Amino acid sequence: MNEAVQTSSTFTPRVFSGIQPSGNLHLGNYLGALKRFVDMQSDELQTLYCMVDMHAITVWQNPADLQQATRELCAGFIAAGLDPAKSILFNQSQVPEHAQLAWVFNCVARMGWMQRMTQWKDKAGKNQQNASLGLFAYPALMAADILIYHATQVPVGEDQKQHLELTRDIATKFNHDYGVDFFPITEPVIEGAATRVMSFRDGSKKMSKSDPSDASRINMTDDADTIAKKIRKAKTDPDGLPSEAKGLEERPEARNLVNIYAALADKTVDQVLADVGGKQFSEFKPMLADVAVEKLAPISTEMARLMQDTSEIDRILAHGAQQAREIASPILARTYEIVGMVGAGK
Ligand code: AMP
Ligand code: TRP
């Protein structure tokens, strides 16, 4: 048994999260996830952030596009403020322990658990028989991503809550079935003013890269004019802004824009409304556009600069994968040993 592997009474806090390299980063990814990753980066805490390319291929990805998107996502991580000297930044497929632990978890998780996942139901749609087996098993791979590092905290947007509950269920069942206290029960970190950024066209739908309308979202690669134009055209209601959060109930579009402003400006919704209560959207939207451009434009400029040297990005990913494997490999060996696999733990 490897002495470096901890049991749950002694888990040191460790942060893990991932984003799929499938299309452009958008404002929802930034406020719900990436900005929160940066906020959690600290000298006291080990942070691992992953481009989850194996999750991306659960639906068809053109190989050349996947490569480009993975490097671009890494550039986005760094441009947003993640520092490869402080956080381990890496690509999922370069750390084979994720897939190896996922297989064990495929044998722990139950079909019924997977069938209840709303993301599975949404993504598979009416034609479940034709969806990939990987799309169905996706949450077991996600649990493996987290638990292969014994991660204790996982910053994500609201839409990932159910998957994190399933991660806890898998850890609990594994510990129970094998009579061990080996995997930690992970805490989701769903915080900030914008944990669920909604579409600019329809306040009842989340902002998403798969929405066919480009006007529904702000992409991290949009230039200042495009950002301002999309905000100007964002759907709102005819009323002005309230001075208290209560006044945003039943007003999803208005609430969304206020949440976005608060998250970008690092303020609470109450602080924002104390300043802008009583204004019309014709006055508020240009303020929102200003703060969005001020915060997002430098990120997209830096992303473009980093993408000019993809060999440097590949070097960062290779180094990150090596650091990640040092943590993952003893945890996988111990897992195999617990399960009863001969030759494990050597
Ligand atoms: P994905 O692009 O699906 O890999 O999502 C990466 C991260 O972004 C996850 O933590 C999601 O919860 C988060 N995310 C995606 N869309 C949104 C949204 N509209 N609002 C807030 N967070 C989001
Ligand atoms: N499923 C997440 C999403 O689509 C991405 C993801 C994969 C992830 N593995 C993870 C997020 C582990 C947090 C932790 O957004």
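These notebook entries record what I looked up in a predicted model.

**Entry 1: a charged surface patch**

I began with the surface and asked which residues form a positive patch. I found that Arg201, Lys229, Arg232 and Lys233 make up this patch. I then looked up Lys229, one of its members, and placed it in helix H9, which spans residues 224-233. Its relative accessibility is 45%. I therefore noted Lys229 as partly exposed, since that class lies between 20% and 50%.

**Entry 2: salt bridges**

I next asked how many salt bridges the structure holds. The count is 20, and I examined some of them one by one.

The side chain of Asp211 meets that of Lys205 in a salt bridge, with 3.9 Å from N to O. I looked up the cover of each partner. Asp211 has a relative accessible area of 13% and is therefore buried. Lys205 has a relative accessible area of 42%, so it is partly exposed.

I then turned to Asp237 and Arg251, whose side chains form a salt bridge at 2.7 Å, N to O. Where do the two residues of this pair lie? Both Asp237 and Arg251 are in the loop between H9 and helix H10 (252-265). They are 14 residues apart, and the pair links distant parts of the chain. I also checked their cover: Asp237 is buried, and Arg251 is buried as well.

The next pair I looked up was Glu283 and Lys279, whose side chains meet in a salt bridge of 3.3 Å, N to O. Glu283 has a relative accessible area of 44% and so counts as partly exposed. Lys279 is also partly exposed, because its relative accessible area is 23%. After this pair I noted a network: Asp214, Arg217, Asp222 and Lys230 are joined into one by salt bridges that share partners.

**Entry 3: positive phi angles**

I looked for positive phi values in residues other than glycine, and I recorded His150 and Asp266.

His150 is not a glycine, yet its phi is positive, at about 50°. I placed His150 in the loop between helix H7 (133-147) and strand E4 (153-155). Is His150 buried or exposed? It is buried, because its relative accessibility is 4% and the buried class covers values under 20%.

Asp266 has a phi near 55°, which is again a positive value in a residue other than glycine. Asp266 belongs to the loop between H10 and helix H11 (269-276). With a relative accessible area of 54%, Asp266 is exposed, as that class begins over 50%.

**Entry 4: the surroundings of Thr152 and Thr167**

I returned to the loop between H7 and E4, where Thr152 also has its place. Thr152 counts as buried because its relative accessibility is 14%. Which residues does Thr152 touch, if those up to four places away in sequence are not counted? I listed Phe11, Thr12, Pro13, Arg14, Pro184, Thr186 and Glu187.

Thr167, by contrast with a loop residue, was found in helix H8, residues 161-178. Its relative accessible area is 1%, so Thr167 is buried. Not counting residues up to four places away in sequence, Thr167 touches Ala143, Ile146, Leu147 and Thr186. I noted that Thr186 appears among the contacts of Thr152 and also among those of Thr167.

**Entry 5: two loop residues around H11**

Lys267 is in the loop between H10 and H11. Its relative accessibility of 32% is why I recorded Lys267 as partly exposed. Leaving out residues up to four places away in sequence, I found that Lys267 touches Ala193, Ala262, Val272 and Asp275. I also looked up its distance to Gly320: the two are 53 residues apart in sequence and 33 Å apart in space, C-alpha to C-alpha.

Gly278 lies in the loop between H11 and helix H12 (281-306). At 58% relative accessibility, Gly278 is therefore exposed. Which residues is Gly278 in contact with, leaving aside its neighbours within four places in sequence? They are Leu241 and Pro242. Finally, I looked up Gly278 against Ala265 and found them 13 residues apart in sequence, with 19 Å between them in space, C-alpha to C-alpha.

Key:
Residues numbered from 1 in each chain as written. Chains lettered and ligands numbered in written order. Predicted model: local features only at pLDDT ≥ 70, side-chain atom pairs only at ≥ 80, totals over all residues. Heavy atoms only, no water. Patch = residues over 30% accessible without salt bridge, like charges linked within 9 Å, V, L, I, M, F, W, Y side chains within 5 Å. Areas by Shrake-Rupley, 256 points an atom, 1.4 Å probe, with all protein chains shown as cover. Salt bridge = Lys/Arg side-chain N within 4 Å of Asp/Glu carboxyl O. Lys, Arg positive; Asp, Glu negative; His and termini not counted. Charge placed at Lys NZ, Arg CZ, Asp CG, Glu CD. Helix = DSSP H or I, 4+ residues; strand = E, 2+ residues; numbered from the N terminus. Buried < 20%, exposed > 50% of the residue type's maximum accessible area, 1.4 Å probe, protein only. Contact = heavy atoms within 4.5 Å.
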